[in-house]
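Open your viewer and get your selection tool ready. We will make three stops.

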Amino acid sequence: MTEEIVPQEQIDLILEAAHLAPSGIGLQPYKIIVITSPEIKKQILPIAMNQAPVTESSHLLVFAVWDQYTEQRIDHVFDHLTAMRNAEPDTYERQRNFSKVFFSNKSAEENFHHAAKQAHIALGFAVIAAASLGLDTTPMEGFNAAELDKFLDLPAQGLKSSMLLAVGYRDNENDWNLKNKKVRKPIEEFVTYL
């Protein structure tokens, strides 16, 4: 990436795509932290295994997920839904109660993995939105999550980091992989029809 700054309007479109992504029961158990400060990105660089896109990006997005599904968080989501749709108070009670029972029967680790999967759906939408704008992205799972959580004070917010997404302009001159043919496993190994 070139370190050139992406206009905020384009970042807003990427964030809106992630915001509108579907999530299980509509809970959106995640938050996106947008980092633009070169100094903060430099501090994150060693936490993220010195991956160059961290500092070369225009914007570094941290997908942070709920550390636990709580009744308060679930109530907050359904109260907001009810208010935004001007619905009767009991309209979403079945889904609200299902959510509370379902997640209360899971361990904290199972809930974290569920929330992370939901955040990864939003990350996918962000990647596609960025590509439609002609921007490059680098999703990164290779980082010390505990260290990043501490650095960003995520535990105080009831959050844990799950993925990073670097967003920026392609460096056409220095991208060693740009001229290489894109290779994935053969489609017949990738897709099975039944």
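Select serine 23 and, beyond its neighbours within four places in sequence, you will find Gln28, Tyr30 and Gln118 in contact with it (heavy atoms within 4.5 Å). Serine 23 sits in the loop between H1 and S1, and it is buried at 14% relative accessible area (buried means under 20%, with a 1.4 Å probe and protein chains only). Now add glutamine 118: its C-alpha atom is 5.5 Å from that of serine 23, although 95 residues separate the two along the chain.

This is a predicted model, where local features need pLDDT of at least 70 and side-chain atom pairs pLDDT 80 or more, while totals for chains, interfaces and linings use all residues. Residues are numbered from 1 along each chain as its sequence is written, and side-chain values use heavy atoms, leaving out hydrogens and water.

Next, select leucine 60. Its contacts outside the four-place window include Ile33, Val34, Ile35, Met140 and Leu164. Leu60 is also among the residues touching the most other members of the largest nonpolar core, which has 48 residues (buried Ala, Val, Leu, Ile, Met, Phe, Trp, Tyr and Cys joined through side-chain atoms within 4.5 Å). Colour H6 as well: with eight residues, H6 gives the most to this core.

Finally, go to aspartate 171, in the loop between S4 and helix H8 (187-190); helices here are DSSP runs of H or I with at least four residues, and strands are E runs of at least two, numbered from the N terminus. What is in contact with aspartate 171, leaving aside its neighbours within four places in sequence? Met1 and Thr2 are.

How values were computed: Buried < 20%, exposed > 50% of the residue type's maximum accessible area, 1.4 Å probe, protein only.
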